[in-house]
Amino acid sequence: SRQVCPIFAVPRKPFSQASIEGCNSVFSRKFWNRKEFSNVDEVDMNLIYFNSSTLKYLMYERSFVTSSKISFHPKIYFIRQVQENPETGEGYISVLNEQIPIDSTHILFFVFVEWDLVSEKLIVSMEINQERYLVHQIPFLINKNSKKKMEISGLRLLCH
């Protein structure tokens, strides 16, 4: 109903997400590595041109649902497999290079991870008998340097 399309790809396996890796490559070659930028405003100005050129080249037409009734609540979702720490035998998942402890009974199971950017919480759950089961919930703060960079560039971070 909210036109959210999940995309599943194996982390760190470029062949399973070729279109994303292709876009990253074009971005690096045609934008990021081509010019030395002197400030954030210059990056922003060039990004506007780069993004519009890319969309035109791909013949991509944006189709946004515009409704004042729908409020945006920023969240990021991950699917992770619970791994075993070889030293301790405990379970964990890796989210943004952070190891999140997960009960060892879940090792080798896949979990659904939701990072709520407003409350800055990480919610780990899985499905058992078609029901959502809460595995773990912890505070997961946004890096203060990221917030600072967003404020410096004049962009408003949605979760403030």
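This is a short tour of one helix, a nonpolar core and the strands around it, in a model that is predicted.

**Helix 2 and its ends**

Start by selecting residues 40-58, which make up helix 2. Put a distance between its end C-alpha atoms and you should get 26 Å; at 1.5 Å a residue, 19 residues should span 27 Å, so the two agree.

Now show side chains. Glu42, Val43 and Phe50 are the ones to colour as buried. They sit on the same side of helix 2, because the arc they cover around the axis is only 85 degrees. Add residues 18-32 to the selection: that's helix 1, part of what covers those buried residues. Then spin round to the other side of helix 2, where Asp41, Met45, Ile48, Tyr49 and Lys56 are exposed.

Have a look at the ends too. At the N-terminal end, asparagine 39 acts as a cap, with a side-chain oxygen 3.1 Å from the backbone nitrogen of aspartate 41. After the helix comes methionine 59, which has a positive phi, near 55 degrees.

**The nonpolar core**

Next, pick Ile93, Val95, Ile100, Val111, Val113 and Leu122. Within the largest nonpolar core, which has 18 residues, these touch the most other members. Strands 3 (91-95), 4 (98-102), 5 (110-116), 6 (121-128) and 7 (131-139) each supply at least two residues of this core.

Zoom in on leucine 122. Beyond its neighbours within four places in sequence, its contacts include Val95, Ile100 and Val113, along with Trp115, Ile138 and Phe140. Polar residues are on its contact list as well, among them Glu114, His136 and Gln137.

**Strand 5 and its partners**

Stay with strand 5, where five of the seven residues are buried. On one pairing, strand 1 (residues 75-81) runs antiparallel to strand 5 over seven bridges; click arginine 80 and you'll find valine 111 as its bridge partner. Strand 6 also pairs with strand 5 in the antiparallel sense, over five bridges, and here valine 113 stands opposite valine 124. Follow the hairpin between strands 5 and 6: there are four residues between the strands, and glutamate 120 has a positive phi near 55 degrees.

**Last stop: glutamate 114**

Is glutamate 114, in strand 5, buried or exposed? Its relative accessibility is 8%, so it counts as buried. Which side chain does glutamate 114 join in a polar contact? Select lysine 75: the two side chains are linked at 3.1 Å. Leaving out neighbours within four places in sequence, glutamate 114 also contacts Ile76, Tyr77, Lys121, Leu122, Ile123 and Arg132.

Key: Residues are numbered from 1 along each chain as its sequence is written. This is a predicted model: local features need pLDDT of at least 70, side-chain atom pairs count only at pLDDT 80 or more; totals for chains, interfaces and linings use all residues. Side-chain values use heavy atoms; hydrogens and water are left out. The expected span of a helix is 1.5 Å times one less than its number of residues. Buried means under 20% relative accessible area, exposed over 50%, partly exposed in between (1.4 Å probe, protein chains only). The arc is that of the directions from the helix axis to the C-beta atoms. Contact means heavy atoms within 4.5 Å. A polar contact is a pair of N or O atoms within 3.5 Å; within protein, one must be able to donate a hydrogen and the other to accept it, and residues adjacent in sequence count only if both atoms are side-chain atoms. A nonpolar core is a set of buried Ala, Val, Leu, Ile, Met, Phe, Trp, Tyr and Cys residues joined through side-chain atoms within 4.5 Å. Two strands pair if DSSP finds at least two bridges between them.
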